[in-house]
Each structure stands twice: as C-alpha cells, then as structure tokens.
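Colleague: Thanks for making time for this. Could you take me through the labels in your report and show me how each one follows from its rule?

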Amino acid sequence: MGLLSWIGGILGFMTFGPLGAVAGFVFGYLMEGGSNSSGPQYTEGRSYDFDDSSDGINYGQRNSFLFSLMVLAAHIIQADGKIMHSEMEFVRIFLRTNFGDSAAQQGNDILLKLFELRKQQDRESPYKWRDTISQCCAQIAANTTRSERLQMLNLLVLIAQADGNTPTTEINALYEVAQMMGLSATDVDSMLNLGRVDEPDSPSALEAAYKVLGVSPDASDAEVKAAYRKMALEHHPDRVSKLGDDVRKTAEKKFQEINAAKEIIYKARGL
C-alpha cells in the first residue's frame with residue numbers, strides 16, 4: 001500500500017501550520033526516495049477534506065489524525081532518551097495490521113525522519129523540539145474533537161507501555177502532551193490504568209477501576225454512575241468512526257475496558 005493510501009494524499013488540517021511544516025520535512029525526504037517503500041508519493045500543496053458518501057469516512061481528518069499520532073509517538077518514544085524496539089514494533093504492528101506491510105515500513109521511515117528532525121532542532125536550541133510539539137498539540141486541539149484526542153492519547157499510552165515498563169520520563173511526557181492538547185492528568189491516569197482491569201479478580205483491579213473512571217473510592221454511587229455515563233459518551237467507538245475502521249477497532253477495545261472497570265466497581269458496591 002503506497003503512502004497516499006494511508007496518510008499522505010488527503011491531508012486535511014495537517015496541510016498547514018506546524019504540522020504542515022513537519023509533514024513537509026518528512027514527506028520531502030520520502031519524495032526524494034529516502035523511503036524503501038514503493039507506491040505513490042506525497043504531493044505538496046494538495047488538500048482535501050471530505051466525507052466519502054460510500055463509507056462515511058472523513059479522509060482529511062483521518063490522515064491528519066494518523067500523522068499527528070506519528071509526530072507525538074516520536075516524542076513519547078524518545079522521552080526517556082532511548083528508542084525501544086518494543087515501542088517501534090507496536091507502531092509497526094498497528095500499521096501492518098490495519099494498512100499492510102508497506103505502511104508499516106513507511107511508518108518506520110516516518111518515525112526515523114522525525115527522530116532526525118528532533119536531533120536537528122536540539123542542535124539549534126534545547127527548547128525548539130518541545131516548542132514544535134507544543135505548537136502541533138495546539139493545532140491538534142483546535143481541529144479535533146475531545147473524543148478523537150482521547151483516542152490519540154490512548155494509542156500514545158499503549159506505545160509507552162509496549163515494553164512492559166513505562167518510565168517516569170514517558171509518563172511525564174504523556175501528562176505534558178495531554179495538557180497541550182487540552183486534556184487532563186485524570187485522562188492520562190485513566191488511560192494508564194485501562195490494562196489493569198483485564199483481570200477483575202486481581203487485588204489492584206478495583207483501585208485501577210476507580211482511576212479508569214476518574215473518581216475516588218469515596219465517591220457516592222450517584223457520582224460513580226455519572227462518571228461512567230460521561231466516559232461512555234466520550235469514548236464510544238461511534239465518536240471516532242469517521243477516522244476509519246482501524247481507529248474504531250482500538251476505540252472498541254478501550255470501550256470494553258471502560259465497561260470492565262464499571263463492572264468491577266458495581267460488583268464491589270453491590271449495584
């Protein structure tokens with residue numbers, strides 16, 4: 001599958017602004033043959049943003065979401081000063097599963113080019129890369145819904161957790177990116193604890209379940225129910241359906257884990 005097929009041909013909101021500048025740097029390299037992948041290449045200046053009546057997908061929004069995810073993934077992966085194979089492999093598997101082998105290779109190439117961009121900016125100023133990420137997050141916040149940003153955060157957390165050990169530097173980077181995108185520390189805590197509710201009988205499952213719903217164990221039953229209703233509304237897979245089936249599938253898994261957290265709490269409270 002060529003580059004235009006999954007991320008570059010229909011650009012949406014990433015065409016301009018800081019994300020557009022980063023995309024120009026990355027895709028300029030791919031246009032020059034730096035990628036090992038075959039297929040059509042990025043065409044600078046093309047911008048489309050429409051809903052395909054046949055499948056209801058907004059391809060401009062979808063591709064902007066995916067490229068934004070790659071930019072922020074490059075930031076999270078390098079937050080601890082290392083590039084872990086497990087985190088890179090998580091991204092490759094996500095792309096390969098949803099878009100094919102070529103997309104996985106291209107995604108790897110894009111990440112490597114983003115790492116190079118960070119090195120260049122770090123040489124210019126120790127603050128320039130962070131400023132780039134801050135500006136990109138502001139652009140993402142201005143052009144996506146809260147539900148879309150929550151789904152992006154969920155994927156970033158899964159990347160950070162891919163090696164089974166999430167260092168403090170990566171967790172802090174997640175908090176910072178979330179804040180830059182208009183999300184909260186509670187949103188990050190919720191995403192970080194989703195995987196801990198897969199084993200409902202474990203001693204830590206109840207504690208994790210409360211963190212998933214973003215409420216205190218001392219909250220009233222009414223507060224717990226209200227928190228669940230709010231999360232169910234914000235995280236429902238239909239909220240990101242226009243980003244494509246690939247993104248919707250990850251949202252479905254997250255939604256199942258939110259429901260699992262609710263069930264753990266309801267069982268403990270006899271609700």
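Modeller: Gladly, and let me start with a rule: a salt bridge is a side-chain nitrogen of Lys or Arg within 4 Å of a carboxyl oxygen of Asp or Glu. By this rule the count comes to 16 salt bridges. Two notes on the source: this is a predicted model, where local features need pLDDT of at least 70, side-chain atom pairs count only at pLDDT 80 or more, and totals for chains, interfaces and linings use all residues. Residues are numbered from 1 along each chain as its sequence is written, and side-chain values use heavy atoms, with hydrogens and water left out.

Colleague: What makes R118 and D122 a salt bridge?

Modeller: The closest N and O atoms of R118 and D122 are 3.6 Å apart, and the rule asks for within 4 Å, so the pair qualifies. Both residues lie in helix α5 (residues 101-124), 4 residues apart, about one turn of the helix. Helices here are DSSP runs of H or I with at least four residues, numbered from the N terminus.

Colleague: Why is R118 called buried, and why is D122 called partly exposed?

Modeller: Buried means under 20% relative accessible area, exposed over 50%, and partly exposed in between, with a 1.4 Å probe and protein chains only. R118 has 18% relative accessibility, so it counts as buried. D122 has 35%, so it is partly exposed.

Colleague: How do you know that E252 and R248 meet in a salt bridge?

Modeller: Their N to O distance is 2.4 Å, so the pair satisfies the rule. E252 and R248 are 4 residues apart in helix α12, and are therefore separated by about one helical turn. An α-helix has 3.6 residues a turn, so residues three or four places apart point the same way. E252 itself is partly exposed, at 31%.

Colleague: What makes E263 and K262 a salt bridge, and why do they get the labels partly exposed and buried?

Modeller: The N to O distance between E263 and K262 is 2.7 Å, so this pair passes too. E263 has 45% relative accessibility, so it counts as partly exposed, whereas K262 has 13% and therefore counts as buried. Elsewhere, salt bridges that share partners join R146, D187, K230 and E234 into one network. K262 is placed in helix α12. Not counting residues up to four places away in sequence, K262 touches L213 and Y228, where contact means heavy atoms within 4.5 Å.

Colleague: Why is E124 called exposed?

Modeller: The relative accessibility of E124 is 52%, so it counts as exposed. E124 is found in helix α5, and its side chain makes a polar contact with the side chain of K128 at 2.4 Å. A polar contact is a pair of N or O atoms within 3.5 Å; within protein, one must be able to donate a hydrogen and the other to accept it, and residues adjacent in sequence count only if both atoms are side-chain atoms.

Colleague: Why is N58 called buried?

Modeller: N58 has a relative accessible area of 14%, so it is buried. N58 sits in the loop between α2 (17-31) and α3, and its side chain reaches the backbone nitrogen of G60 at 3.3 Å.

Colleague: Why is C137 not bonded to C136?

Modeller: A disulfide is a pair of cysteine sulfur atoms within 2.5 Å. The sulfur of C137 is 7.1 Å from the closest cysteine sulfur, in C136, so it is too far for a bond. A search of the whole structure finds 0 disulfides. C136 is buried at 0% relative accessibility, and C137 is buried with a relative accessible area of 0%.

Colleague: Which residues touch the most other members of the largest nonpolar core?

Modeller: They are F67, L72, L111, L114, L156, L174 and L213, in a core of 79 residues. Helix α3 (residues 59-77) gives the most to this core, with 11 residues. Such a core is a set of buried Ala, Val, Leu, Ile, Met, Phe, Trp, Tyr and Cys residues joined through side-chain atoms within 4.5 Å. Leaving aside neighbours within four places in sequence, L156 is in contact with L69, L72, A73, I76, L174 and V177.

Colleague: Where does pLDDT stay under 50?

Modeller: Over residues 35-51; pLDDT is the predictor's confidence in each residue, from 0 to 100. Where pLDDT is low, the predicted coordinates should not be read in detail. The mean pLDDT of the protein is 85, and 86% of its residues reach 70 or more.

Key: Helix = DSSP H or I, 4+ residues; strand = E, 2+ residues; numbered from the N terminus.
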